[in-house]
Amino acid sequence: MPGSGANGLPRGLCAQIPGVIPLHSFHRTFLVSPSLLSNWCSGRRIRRLMGSTNDSADEDTDFSDSEIEDYVEKIYEELKNGKHTTKVSDQGFHCPYCTKGKKREFQYKDLLQHASAIGNCNSQKRSPRDKANHLALAKYLENDALADNATPKPTVETDPLAEQDRDEMFVWPWIGIVVNIPTQVKEGRSVGESGSKLRDELTRKGFNPTRVRPLWNYQGHSGTAIVEFLKDWTGFGNAMSFEKEYEANHHGRKNWFAKDMKKQDLYGWVARADDYNSSNIVGENLRKIGDLKTISDIMEEEARKATKLVGNLNSVIIAKDMQVMEMETKFRETESKLSQIITEKDTLTQKYNDDIKKIESSARDHFNRILNNHEKRKLQLEEQKEELELRREALKKRETHNEIEKKKLAEDLEKNAVENSSLRAAAEEQKKADGDVRKLADKHRDEQENLHKKILRLEEQLNAKHALAVDIETLRGQVNVRKQLIQEEGENNAEVVSEVERLVKSMTQKQMELDEMNALYNTMFAHERKTNDELQETRKAFIKELQETSIPGHIGIKRMGELNRKPFEEAMERRYGGAEGEEKAVEVVSMWEEYLRDSSWHPLKVVTINCKPQYKIDEDDERLRDLKENFGEEAYNAVTTALFEINESNASGRYIVSELWNYEEGRAATLKEGVESLVEYWKATQKRKRVNI
């Protein structure tokens with residue numbers, strides 16, 4: 001809008017805002033702060049100094065200072081004589097030396113700035129001839145262009161506010177009214193053209209409405225429309241131009257309300273207080289979408305908003321400056337700490353290197369001492385060996401049937417007799433041990449049976465407990481019902497009172513029985529818990545003893561979750577072969593053992609089969625898919641087997657545990673099976689000892 005800024009404020013209001021400078025361009029007016037203006041100007045000059053270049057390959061590049069001055073004077077004379085033209089219109093100029101592409105049209109000041117910037121630039125992309133041409137052009141524009149071509153007169157801009165009464169009431173946002181829109185009756189209702197067609201027509205005339213809304217009533221199209229404009233001063237200028245257009249054609253508001261004129265075509269004007277307060281359909285719609293305001297009110301409100309905006313921006317700038325200062329302080333502190341840490345790190349590194357050197361020196365000395373001691377021991381062993389050889393030769397030469405040998409033989413016979421008696425005593429002890437083991441197995445079997453019977457009794461007691469609880473609740477409900485009857489009928493009904501007393505007595509007896517059963521249940525549960533703990537401790541002790549004593553048979557100790565190495569060794573042997581295959585197999589097995597111990601890896605998922613949750617391998621797991629593709633089905637089965645064993649025996653800890661195992665049936669063995677296997681092993685051992693005796 002002419003006479004208004006980029007934010008819609010009139011130019012006369014710009015000077016009223018503190019800290020804001022009105023910056024007028026050739027088309028619009030902007031409001032900027034001094035700091036923003038300085039930044040914008042410096043950036044604009046930089047962009048002009050870095051503008052496009054038009055270097056020619058055949059231009060001379062070797063000019064001295066005197067030659068450049070002579071060339072500038074030559075071009076300046078050519079411009080004065082009219083050899084090169086710069087003016088293309090009353091207000092437009094162009095640069096005769098920038099011919100690459102489409103010629104750009106400049107205002108006078110812009111062309112002067114363009115010529116000075118290129119003439120004084122230090123860019124290597126501009127040749128000396130190009131710079132000299134622009135220096136001559138700048139000199140011509142400063143000295144002769146204003147004399148030869150009068151300075152272009154600025155376009156006279158009209159301010160719509162200058163002709164308006166600042167206290168006149170308008171409908172805001174700016175609204176125009178169009179009446180006498182042609183209508184016709186169809187099916188009992190008035191219809192007319194849509195608002196979009198009228199909006200396009202007004203847009204072609206340059207009024208730029210944002211919306212045209214026809215007004216409808218119970219009869220249909222009223223022949224009236226509301227024209228909405230932008231809420232800023234540009235919209236106000238368009239609205240006033242809209243009104244003046246219709247007034248110039250004698251189709252304004254006064255012409256519409258004149259009674260002696262025949263009404264043809266459209267009539268239009270800007271909505272004011274009379275239209276807003278009218279009782280017709282126009283007034284009703286205006287009161288719904290707008291308010292009455294004077295131009296002064298709107299200007300004051302926008303001035304307040306602009307002042308508030310500037311204040312907020314200043315507050316933001318101050319806050320940002322504080323943040324920058326704080327960040328700089330933190331940066332300096334961090335830099336200081338980092339320097340200190342680097343110094344400490346260097347000191348620690350030097351100390352570490354010195355310690356490593358000392359340790360290496362000490363280890364080298366220790367190794368040398370061990371090596372020397374080894375050589376000495378080796379020499380001593382050689383000497384002892386030679387001495388033993390000499391003794392052996394001497395013993396061969398001795399006679400074997402002398403008295404001394406006979407005595408030794410007699411002593412040996414006596415020793416054998418003593419050892420035989422000791423073996424017989426050991427055999428008796430072994431029989432006793434076998435009996436103890438059988439007793440232990442029988443005791444364990446009896447404890448298992450007793451434990452099973454206790455569990456059955458606990459279940460029966462628990463069922464009885466639940467039945468008593470149900471009886472008590474039933475009696476309590478009956479008592480409450482009888483009490484309610486007593487309250488309703490009074491205490492005169494002796495039969496009901498007697499029934500209540502009987503029920504209370506029965507409920508008290510049931511409650512006592514329930515308390516006794518609870519006490520008995522808790523006692524038996526604690527005893528069962530203690531017995532189960534003792535069995536578990538016995539099982540752990542048995543497993544520990546079997547780990548130290550290996551027995552043949554199908555009962556043994558299995559390390560649950562231990563990875564089978566054989567499939568990986570075979571895969572690496574096929575792929576690499578020899579020692580390299582063994583090394584690769586060790587690396588791969590170690591890696592997968594780490595994966596199995598990783599508690600964050602969850603390759604198993606829970607699925608429901610026959611209403612029971614079961615664990616199943618996740619076929620979409622990336623690690624397992626890569627394992628199957630790279631190492632084969634056997635390695636994949638080894639890993640999945642280890643996963644199921646770990647999940648079954650120690651899912652939370654993810655480490656290998658020892659378990660008493662029945663290898664024949666592929667399951668965990670009972671303690672009874674382990675004891676029986678141990679007894680059989682002792683019996684077989686005893687038989688072998690008897691045979692040897």
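Q: What relative accessible area does E573 have?
A: In this predicted model, E573 lies in helix α14. Helices here are DSSP runs (H or I, at least four residues), and strands are E runs of at least two, numbered from the N terminus. E573 counts as partly exposed, because that class sits between buried (under 20% relative accessible area) and exposed (over 50%), with a 1.4 Å probe and protein chains only. Its value is 45%.

Q: At what pLDDT do side-chain atom pairs count?
A: Residues are numbered from 1 along each chain as its sequence is written, and side-chain values use heavy atoms, without hydrogens and water. Local features of this predicted model need pLDDT of at least 70, totals for chains, interfaces and linings use all residues, and side-chain atom pairs count at pLDDT 80 or more.

Q: Which helix gives the most to the negative patch?
A: E569, E573, E580, E582, E583 and E587 gather in this surface patch of negative charge. Patch members have over 30% relative accessible area and no salt bridge, with like charges joined within 9 Å and nonpolar side chains (Val, Leu, Ile, Met, Phe, Trp, Tyr) within 5 Å; Asp and Glu count as negative, Lys and Arg as positive, with His and the chain ends not counted, and a charge is placed at NZ of Lys, CZ of Arg, CG of Asp or CD of Glu. Helices α14 (566-575) and α15 (578-597) each supply at least two residues. With 4 residues, the most comes from α15.

Q: What accessible area do I318, M322 and M325 have together?
A: M325 sits in helix α11 (residues 295-396). M325 is partly exposed at 48% relative accessible area. Areas come from the Shrake-Rupley method with a 1.4 Å probe, and for residues only the protein chains shown count as cover. I318, M322 and M325 form a nonpolar surface patch, and their joint area is about 330 Å².

Q: How many salt bridges does the structure hold?
A: Side chains of opposite charge can pair when their charged atoms come close. A salt bridge is a side-chain nitrogen of Lys or Arg within 4 Å of a carboxyl oxygen of Asp or Glu. The number of salt bridges in this structure is 14.

Q: How many residues apart in sequence are the parts that E73 and K139 tie together?
A: The side chains of E73 and K139 meet in a salt bridge at 2.8 Å, N to O. E73 lies in helix α3 (residues 65-80) and K139 in helix α5 (residues 128-148), so the pair links parts whose separation in residues is 66.

Q: Which partner in the E168 and R272 salt bridge is buried?
A: These side chains meet at 2.6 Å, N to O. E168 is in the loop between α5 and β3 (169-172) and R272 in the loop between β9 (267-270) and α9 (273-277), so the pair ties together parts 104 residues apart in sequence. E168 is partly exposed at 25%. The buried partner, at 17% relative accessibility, is R272.

Q: What is the relative accessible area of K293?
A: K293 forms a salt bridge with E301 at 3.2 Å, N to O. E301 is partly exposed at 24%. K293 is buried, at 18%.

Q: What separates the C-alpha atoms of L112 and E142?
A: L112 belongs to helix α4 (residues 108-119). Beyond its neighbours within four places in sequence, L112 is in contact (heavy atoms within 4.5 Å) with A138, L141 and E142. L112 and E142 are 30 residues apart along the chain, yet their C-alpha separation is 7.7 Å.
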